[in-house]
Amino acid sequence: MSTGDSRLQLFLETSGFRVPVDEFPFKIGNASTCDFQIEDDPGVSPLHAEIVRGEGESFVLLDADSATGVRVNDRTVVDRHEIAHGDVFRIGQAEFTAEFERIAVDAATGPTAAAAGAASPGGSSPRPAPPTSKGKLKPWMVLSGIAALVLTGLIVSAIEGGEEPKTVSELVREAKPSTMLIKAFDGDEPYGSGSAWVYDAGEGLIVTNSHVLIGSTRFEASLEGEDKLRDAEVLAVAECDDVAVLSTGANDGLRTFPLAAEEDPPEQGEDVIALGYPSNASTADELQVTTGSLSALNINWDEPANQNIDFAVYPDVHQVDAAINPGNSGGPLFDDQGKLIGMNSTRGEGDNQGFAVSIDRLRQLLPGLADGESSGWGGFTFAALDQDVLNNIANRVGLVGGWQDPALVIQSVIPGSVADDAGLQALDGIFAINGEQVTSRSQYCDAVGDASGEPVELSYYSLDSLWADEESVTVTFE
């Protein structure tokens with residue numbers, strides 16, 4: 001577990017304190033024999049979970065056949081989970097954040113005192129550790145519902161106001177390893193860009209808006225300061241919620257973005273920070289930061305759908321007065337504790353009117369999406385276009401008389417998707433779904449709903465026949 005004269009140290013951060021994980025297996029449960037004891041919580045088993053060493057400098061979390069399971073980043077652990085910096089564990093009602101720090105080691109005395117000031121991979125400042133004594137420090141104890149740690153009979157309270165609140169600059173610095181640039185390509189041609197945030201660093205899973213995918217077949221991602229993009233593949237999409245999960249080819253340097261806890265929801269009027277990349281950004285560009293406040297929470301926003309056929313209703317968004325600029329789509333919206341409360345998605349016509357998919361909706365969608373279960377997604381992106389635009393397309397390809405009937409025009413087909421297998425291609429025009437005419441994105445969403453694993457009949461005009469022939473194909477939505 002050591003490299004040269006240093007080793008990687010794992011801490012569990014909770015209630016403002018950092019608990020070092022030094023003994024292996026490190027046992028977590030409600031029994032007094034556990035290294036980390038959680039009391040007064042009926043959801044915690046006597047031996048609930050263990051942390052063991054993995055290969056190289058890795059740590060693994062194991063579910064010890066607990067009654068209620070272990071959740072990491074809002075996903076249930078099945079047998080084992082390799083821990084990544086920033087992972088958020090939930091055991092019963094207790095919540096911990098995993099933090100790694102490289103500790104200098106003195107051969108004679110062990111970890112040096114100076115090591116306590118080392119920076120973590122995520123760039124965050126180290127949090128204070130509770131008082132210690134010589135010998136084995138056991139048991140750590142969390143009293144459920146009380147912000148306190150108990151160590152060998154000594155209560156160390158997390159006193160509200162005891163820590164200086166973090167500045168916006170500090171919060172942004174902590175968020176940078178959890179915020180990524182998305183570059184979209186149509187084949188090898190650059191098509192556009194967007195932003196994303198890290199949902200599960202260990203698995204390399206990132207989240208963005210599904211509209212960032214439109215018109216593209218290939219995607220790459222990078223963190224700020226990286227000069228090389230890493231591959232990113234579409235894992236699953238909730239088309240009508242404007243949410244997509246991508247899997248990156250490498251997870252080095254990533255930090256899971258901590259989510260706001262369900263029991264500590266955002267409140268109207270609180271300060272927020274929006275983070276994202278500028279439009280058509282490259283790896284040389286820096287993240288953009290805007291600040292503001294929460295204007296409204298968990299609203300159903302239908303204004304754009306009423307004005308533009310290419311917009312659907314956003315069923316659950318937060319409205320903010322922080323600017324959300326082109327290119328920021330898919331970036332994180334977070335609070336003054338550095339916890340994610342939404343995903344930047346779009347902006348309204350009025351001044352200081354931005355909208356972000358809410359943390360509540362994300363919490364509902366992401367576990368399934370992270371397991372590859374899409375919703376209302378057929379493996380293609382599309383645009384609902386008005387008649388003038390349709391006629392311009394028709395004229396470009398030599399269709400005399402223009403496009404006669406409205407349709408949803410496919411913009412790209414993701415390689416290897418069910419749409420690709422069905423032979424659909426860009427510029428095919430879908431005019432009906434399950435026999436119902438569709439001419440807008442809202443009608444598409446009404447027709448497919450949250451279809452997943454269900455056959456959907458698509459009726460379309462084929463580009464191969466210059467839209468003269470009507471064809472039909474049944475696609476099992478992913």
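This text walks through the disulfide and the nonpolar cores of a predicted model.

The cysteines come first. A disulfide is a covalent bond between the sulfur atoms of two cysteines. The count for this model comes to one disulfide. Its partners are Cys240 and Cys445, with sulfur atoms 2.1 Å apart, and this separation falls within the 2.5 Å cut-off for a disulfide. The torsion about the S-S bond of Cys240 and Cys445 is about -100°, so the disulfide is left-handed.

As for its place in the chain, Cys240 sits in the loop that runs between strand S21 (230–238) and strand S22 (243–248), while Cys445 belongs to helix H6 (residues 441–448). The bond therefore ties together parts that are 205 residues apart in sequence. Cys240 and Cys445 are both buried. Another cysteine, Cys34, is also buried, because its relative accessible area is 2%, and buried means under 20%.

The nonpolar cores come next. The largest of them has 33 residues. Within this core, the residues with the most contacts are Trp197, Val207, Val243, Leu362, Leu366 and Leu369. Helix H3 (residues 359–370) gives the most to this core, contributing six residues.

Leu369 can be followed further. When its neighbours within four places in sequence are set aside, Leu369 is in contact with Leu235, Ala236, Val237, Ala238, Val243, Val245 and Ser374. Among these partners, Val243 is itself one of the residues with the most contacts inside the largest core.

A second core, separate from the one just described, has 24 residues. Phe59, Phe89, Phe96 and Ala98 are among them.

Notes
Residues numbered from 1 in each chain as written. Predicted model: local features only at pLDDT ≥ 70, side-chain atom pairs only at ≥ 80, totals over all residues. Heavy atoms only, no water. Helix = DSSP H or I, 4+ residues; strand = E, 2+ residues; numbered from the N terminus. Buried < 20%, exposed > 50% of the residue type's maximum accessible area, 1.4 Å probe, protein only. Core = buried A, V, L, I, M, F, W, Y, C linked by side-chain atoms within 4.5 Å. Contact = heavy atoms within 4.5 Å.
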